[in-house]
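Trainee: I should like to study one part of this model in detail, rather than survey the whole. Please guide me through a run of paired strands and the helices that can be discussed with it.

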Amino acid sequence: MISNFIRIENQEFLFDQLRKGEFNTTQLSEYSKSVLAFCKDWLNGLPELTINTSGSTGKPKLIQLSREDITYSVERTEKALGLKPGFNALCCLNTDFIAGKMMLIRSMEIGMNVIVVPPSGNPYKFLEPSISINFIALVPYQLQAVEEQRMLPMLNQVDCVIIGGAPLTSNQEEIVNQLETRVFQTYGMTETVSHVALKRLSPQKESHFMGLEKISFRVDHEGRLVILDSKSENEFYTNDIVELIDQKRFRWKGRFDNVVNSGGYKIQLESVEKLIEEKLNKLGLPFRSFLFSKPHPQLGEELNLLIESHRLAFSIENKITKSFKEAIPKYAVPKNIFYIKRFIHTNTDKVNRKLTLEKVNMMLNND
């Protein structure tokens, strides 16, 4: 194995030092200590990984991943993205979860140097300007934070950027359009050992995800994606509604559990949310939002909108509703608009819709 290094809290540790246990963590934070302890275990042949799922669609659960499946995932990504020994990889994702863990493992297995910074909005605020980065994995909100703090030119110097964990908003897609470097959106889950498909966003934008080596796809009778891994001979069932192009390519439409039946119309929330976001942006109101349903005696389910903002003036709310009626089918126009100052997030920085709505309901009940 190539003796590259991990850099954390401005200290460098050779992988060989970590493997032999020849390092001192006295001056380091608990987060950094846990990162180095994991790297030591992996370099000494850790046979399997027990890790939490993200909890974005339900309660987090512990699953076990074999070393063989993990290392093959590394090989797939290495080939697909052209990663090389000696690259500098930036790990700015929470290493308690699969995306952060895989950035560490890819570096150790491929022979890349890895620079670890605490998970936060803008990872560049922790990075020394003299350090060049070849490979970085981000979640969408980090991409936005980099742009808001005027550090997008630094991201444009990276050889390869992967973005995953949640769908990109229209605003975030516009940010990607400003980049000239290679940018890919990832698709996968903890059970599949991180991503199994990539969608190119820059410089040539594609509309579909392409499965990695030995990965193919089918859909079940409800149109939900099923992932087939011919290497491990496993099938993984998802809750994602997709348009299947062929066995290797698909277009993501939304979550199966984000379909609302209102007055006999089946409404895919993500597709309507995209239209709503575009309308809010045109009105100069770039607030995050999402749709949710409440029981209704006639419609069955009533569609409502939750906006991350203080309550807007009645006149502005009327403009919003009017613009929705111009772009959205009548049956999919939200009946009510609610507000919350801040969405609740999971530990992997995805919006936790369930807990956010529980908080809103508590606020409404207290009014």
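Mentor: What follows is a walk along a series of paired strands, then a turn to a helix and its contacts.

Please keep in mind that this is a predicted model. A suitable place to begin is strand β10, which covers residues 194-202. Nine of its nine residues are buried, so β10 is largely enclosed by the rest of the structure. In this context a residue is called buried when its relative accessible area is under 20%.

Which strands pair with β10? One partner is strand β9, residues 182-189, which runs antiparallel to β10 and is joined to it by seven bridges. To locate this pairing in the model, find G188, which stands opposite H195 of β10. The two strands form a hairpin with four residues between them. Within that turn, V193 has a positive phi of about 60 degrees.

Another partner is β11, which pairs with β10 in the antiparallel sense over two bridges. Here L198 has M210 in β11 as its bridge partner. β10 and β11 also form a hairpin, in this case with six residues between the strands. As a general point, the strands of a sheet pair through backbone hydrogen bonds, either parallel or antiparallel.

M210 offers a convenient way to continue. Strand β11, residues 209-211, pairs with strand β15, residues 249-255, in the antiparallel sense over two bridges. The bridge partner of M210 in β15 is R249. M210 therefore appears in two pairings, with L198 and with R249.

From β15 the path leads to β14, residues 234-244, and these two strands pair in the antiparallel sense over five bridges. D240 has R255 of β15 as its bridge partner. β14 and β15 form a hairpin with four residues between them.

We may now turn to helix α3, and in particular to R76, which lies in that helix. Is R76 buried or exposed? Its relative accessibility is 6%, and R76 therefore counts as buried. Leaving aside residues up to four places away in sequence, R76 touches L212, E213, K214, I215, D229 and K231. One of these contacts can be described more closely: the side chain of R76 reaches the backbone oxygen of E213 at 2.8 Å.

Helix α3, residues 67-81, also packs with helix α4, residues 98-110. The angle of packing is about 80 degrees, and the axes of the two helices are 10 Å apart. Angles of 65 to 115 degrees count as roughly perpendicular, and α3 and α4 are therefore roughly perpendicular to each other.

Which residues of the two helices meet? From α3 come R67, I70, T71, S73, V74, T77 and E78, and from α4 come M102, I105, R106, E109 and I110. By class, this contact has five nonpolar, three polar and four charged residues. When you examine such a list, remember that an α-helix has 3.6 residues a turn, so residues three or four places apart point the same way.

To review, begin with the enclosed strand β10, follow its hairpins with β9 and β11, and continue through β15 to β14. Then locate R76 in α3 and its contact with E213, and finish at the packing of α3 with α4.

Terms used: Residues numbered from 1 in each chain as written. Predicted model: local features only at pLDDT ≥ 70, side-chain atom pairs only at ≥ 80, totals over all residues. Heavy atoms only, no water. Axes fitted to C-alpha atoms, helices over the stretch in contact; angles between N-to-C directions. Parallel < 35°, antiparallel > 145°, perpendicular 65-115°, else oblique. Contact = heavy atoms within 4.5 Å. Nonpolar A, V, L, I, M, F, W, Y, C, P; charged D, E, K, R; others polar. Buried < 20%, exposed > 50% of the residue type's maximum accessible area, 1.4 Å probe, protein only. Polar contact = N/O pair within 3.5 Å; in protein donor to acceptor, adjacent residues only side chain to side chain. Pairing = 2+ DSSP bridges.
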